[in-house]
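Work through these exercises with the model open beside you. Try each task before reading its solution.

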Amino acid sequence: MSDTATGAGDRAARVLELLAGRGGTLAVAESLTGGLVAAELTAVPGASRAFRGAVTAYATDLKRDVLGVDGALLDERGAVDPEVARQMAAGVRGVLGADWGVATTGVAGPEPQDGQPVGTVYVAVAGPEGVGKVATLRLNGDRADIRKESVRSVLGLLLGELSGNGRTQDTEENGGI
């Protein structure tokens, strides 16, 4: 994944710098991104000072059984849902013992899923003291573009929270390549 195409590498470096400077830690729960968020973070030298690890919960039952996402919620709404993203971020924080957790879930394509069109993505951040936020993304492009933009977006959401620039409510963004 190219930093110039996504800006994800710069965001990953800044996130890790802020966390390490505060003695904070981060855990990642990924679905549609399949490990790309963790890869961006671990590409940064010294990432181990703040990055605890990741869970790639691609299958719905792993979201429930490993990350603690409510089974009734998954049955009712499916895995592509803002509350599922929020619970994934909170769940990975607990499972991996981190101060902050982030999560990605959505539809990269080529087919719709859970009644959601391709390009529907939810990224979430959960932090200390109940801090949590979900961003709704409506992305364009092919599968690779959607996944790359999801990585950039979840790191940007966390960066906003860590730098104090996060908005107080959930957000919706449109875009993509």
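The exercises below go from the whole chain to single residues.

This is a predicted model, in which local features need pLDDT of at least 70, side-chain atom pairs count only at pLDDT 80 or more, and totals for chains, interfaces and linings use all residues. Residues are numbered from 1 along each chain as its sequence is written, and side-chain values use heavy atoms, with hydrogens and water left out.

**Exercise 1. The chain as a whole**

Task: Find how many helices and strands the chain has, and in what order they run.

Solution:
- Step 1. Count the elements: the chain has 7 helices and 6 strands. Helices (H or I, at least four residues) and strands (E, at least two) are DSSP runs, numbered from the N terminus.
- Step 2. Read off the order from the N terminus: α-α-β-α-β-α-α-α-β-β-β-α-β.
- Step 3. Turn to burial. Of the 177 residues in the chain, 50% are buried. Buried means under 20% relative accessible area, exposed over 50%, and partly exposed in between (1.4 Å probe, protein chains only).
- Step 4. Look at contacts, meaning heavy atoms within 4.5 Å. Among those between residues at least 6 apart in sequence, 65% join residues at least 24 apart.

**Exercise 2. Two packed helices**

Task: Describe how α2 and α7 pack.

Solution:
- Step 1. Choose the descriptors. Two packed helices are described by the angle between their axes and the distance between the axes.
- Step 2. Apply them. Helix α2 (residues 8-22) and helix α7 (residues 143-163) pack at about 30°, and their axes are 9 Å apart. Axes are lines fitted to C-alpha atoms, for helices over the stretch in contact, and angles run from 0 to 180 degrees between N-to-C directions.
- Step 3. Name the residues that meet. The α2 side includes V15, L18 and L19, and the α7 side includes L155, L158 and L159.
- Step 4. Check G21, also in helix α2. G21 is exposed, at 69% relative accessibility. Its C-alpha lies 9.1 Å from that of A50, with the two positions 29 residues apart in sequence numbering.

**Exercise 3. Salt bridges**

Task: Which side chains pair with D65, D81 and K133?

Solution:
- Step 1. Set the rule: a side-chain nitrogen of Lys or Arg within 4 Å of a carboxyl oxygen of Asp or Glu. By this rule there are 6 salt bridges.
- Step 2. Take D65. Its partner is R64, at 2.7 Å, N to O. D65 is exposed at 53%, and R64 is partly exposed at 37%.
- Step 3. Take D81, in the loop between α5 (71-77) and α6. Its partner is R77, at 3.2 Å, N to O. D81 is buried at 8%, while R77 is partly exposed at 40%. Not counting residues up to four places away in sequence, D81 touches L73, T105 and Y122.
- Step 4. Take K133. Its partner is E161, at 2.7 Å, N to O. K133 lies in strand β5 (residues 132-140) and E161 in helix α7, so the pair ties together parts 28 residues apart in sequence. Both K133 and E161 are buried.

**Exercise 4. A surface patch**

Task: Which residues form a nonpolar patch with V95?

Solution:
- Step 1. Locate V95 in helix α6 (residues 82-96).
- Step 2. Check its exposure: V95 is partly exposed, with a relative accessible area of 44%.
- Step 3. Add the partners. L62 and V66 join V95 in the patch, with about 210 Å² of accessible area together.

Technical notes. Patch = residues over 30% accessible without salt bridge, like charges linked within 9 Å, V, L, I, M, F, W, Y side chains within 5 Å. Areas by Shrake-Rupley, 256 points an atom, 1.4 Å probe, with all protein chains shown as cover.
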